[in-house]
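Subject: Structure handover

Hello,

I am handing over the structure we talked about. Please open it first, then read my notes below.

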Amino acid sequence: MHVLIDLNQGQLNLAEAVLDMAGGEPLTTEALVKDLDMSSTDNPRLTEFSLNYALQNDSRFDEVGPAGQVLWCLRRLEPDYVREVPPPLRYERIEHDRSNLDSAMKELEAQLDDELTEADDEEADADLSSITITLIYPHLRAGTLPMSHRARKLFPTAYESARVRFTLVDGKTKQRIPAWVVREHGYVFGLREWYKTHQLIPGSTSRKPP
């Protein structure tokens, strides 16, 4: 039986300073262990587990890695619209009877295919290799991409983390774009400047590969 390594407040403050110097770029637990001068311990796995546990229980820190990878970031350095839903995407559900929708309405909804679109069972279960995403006005304003039930499969996910930091790559220019998956609300944030650079308009489409 192993007892967790007790981290003092000074070490947690140092972890905050290290992440602050990273300027919002997430760091692995291994990198933090080295900066906190904890790498000389006899059990590296226990050291990393103890640090993860301490950071998880401190509200200053946020674990933002995709499934299978642990990455730490400071909550206060996360973009505002990662921590809260952008105004153009805020939605108040209106109760309605879907049986009243005619075929034209359902077809329009299917074309929209945003994060609020009802899932189609066949499409939700399909094994997709790529998908075309239509940029609608609210997402253009917010600098985000919608994650429909189909699109979710092509973006990073996590076991518990509400927010996942990852990098989008422009297929033509190879530009690397820091981005965030906001899992609870179904959107990807971080594309505002890319939209401006390419002068995109509502109705523009993007093909997302795996």
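Here is what I found, going from the whole chain down to single residues.

Keep in mind that this is a predicted model.

**Overall**

The protein chain has eight helices and nine strands. Buried residues make up 37% of its 210 residues. Take the contacts with a separation of 6 or more: residues 24 or more positions apart account for 61% of them.

**The three-stranded sheet**

One open sheet has three strands, in the order β1-β3-β2. Its pairing is antiparallel. The edges are β1 (27-28) and β2 (61-63), and each of these pairs on one side only. Between β2 and β3 (residues 71-74) there are three bridges, in the antiparallel sense. Look for F61 there: the residue opposite is L74 in β3.

Helix α1 (residues 9-21) lies across β1, β2 and β3. The angle between α1 and β3 is about 85 degrees.

**The four-stranded sheet**

The other sheet I want to point out is also open, with four strands in the order β5-β8-β7-β6. Here too the pairing is antiparallel. Which strands stand at the edges? They are β5 and β6. Each has a single partner strand, so one side of each is left without a neighbour in the sheet. On average, neighbouring strands are turned by 30 degrees against each other, direction ignored.

Now the pairings, strand by strand:

- β6 and β7 run antiparallel and are joined by seven bridges. In this pairing F166 stands opposite A179 in β7.
- β7 and β8 are antiparallel as well, joined by three bridges. W180 has F189 in β8 opposite.

Strand β7 is mostly covered, with five of its seven residues buried.

Both hairpins hold a residue with positive phi. The β6 and β7 hairpin has six residues between the strands, and K174 takes a positive phi near 65 degrees there. The β7 and β8 hairpin has four residues between the strands; its positive phi is at G186, near 70 degrees.

**Cores**

The largest nonpolar core has 20 residues. Which of them touch the most other members? F155, L168 and V188 do. The elements giving two or more residues to this core are β4 (131-134), β6, β7 (176-182) and α8 (192-197). A second core is separate and has 16 residues, among them L7, V33, L55 and L74. L74 is also the residue that F61 faces across the three-stranded sheet.

**Aromatic pairs**

With ring centres required to lie within 6.5 Å, the count comes to three aromatic pairs. Two are worth a look.

Start with Y81 and F189. Their ring centres are 6.3 Å apart and their planes stand at 90 degrees, so the pair is edge-to-face. Y81 belongs to helix α4 (residues 80-83) and F189 to strand β8 (residues 187-189), so the pair ties together parts that are 108 residues apart in sequence. How covered are the two residues? Y81 has 25% relative accessibility and counts as partly exposed. F189, at 14%, counts as buried. The cut-off for buried is under 20%.

Next come F155 and F166. Their ring centres are 6.2 Å apart, with planes at 75 degrees, so this pair is edge-to-face. F155 sits in the loop between β5 (144-146) and β6 (163-169), and F166 in strand β6. The two are 11 residues apart. Both are buried.

**Helix α5**

One last spot to check is α5 (residues 103-112). At its start, a side-chain oxygen of D102 reaches to within 3.2 Å of the backbone nitrogen of A104. Just after the helix, D113 takes a positive phi of about 45 degrees.

**Where to look**

If time is short, begin with F155 and F166, the edge-to-face pair. F155 is one of the residues that touch the most other members of the largest core. F166 leads on to A179 across the β6 and β7 pairing. Then move to F189, which stands opposite W180 and pairs with Y81.

Best wishes

How values were computed: Residues numbered from 1 in each chain as written. Predicted model: local features only at pLDDT ≥ 70, side-chain atom pairs only at ≥ 80, totals over all residues. Heavy atoms only, no water. Polar contact = N/O pair within 3.5 Å; in protein donor to acceptor, adjacent residues only side chain to side chain. Phe/Tyr/Trp six-rings, centres within 6.5 Å; stacked < 30°, edge-to-face > 60°. Buried < 20%, exposed > 50% of the residue type's maximum accessible area, 1.4 Å probe, protein only. Core = buried A, V, L, I, M, F, W, Y, C linked by side-chain atoms within 4.5 Å. Pairing = 2+ DSSP bridges. Contact = heavy atoms within 4.5 Å. Axes fitted to C-alpha atoms, helices over the stretch in contact; angles between N-to-C directions.
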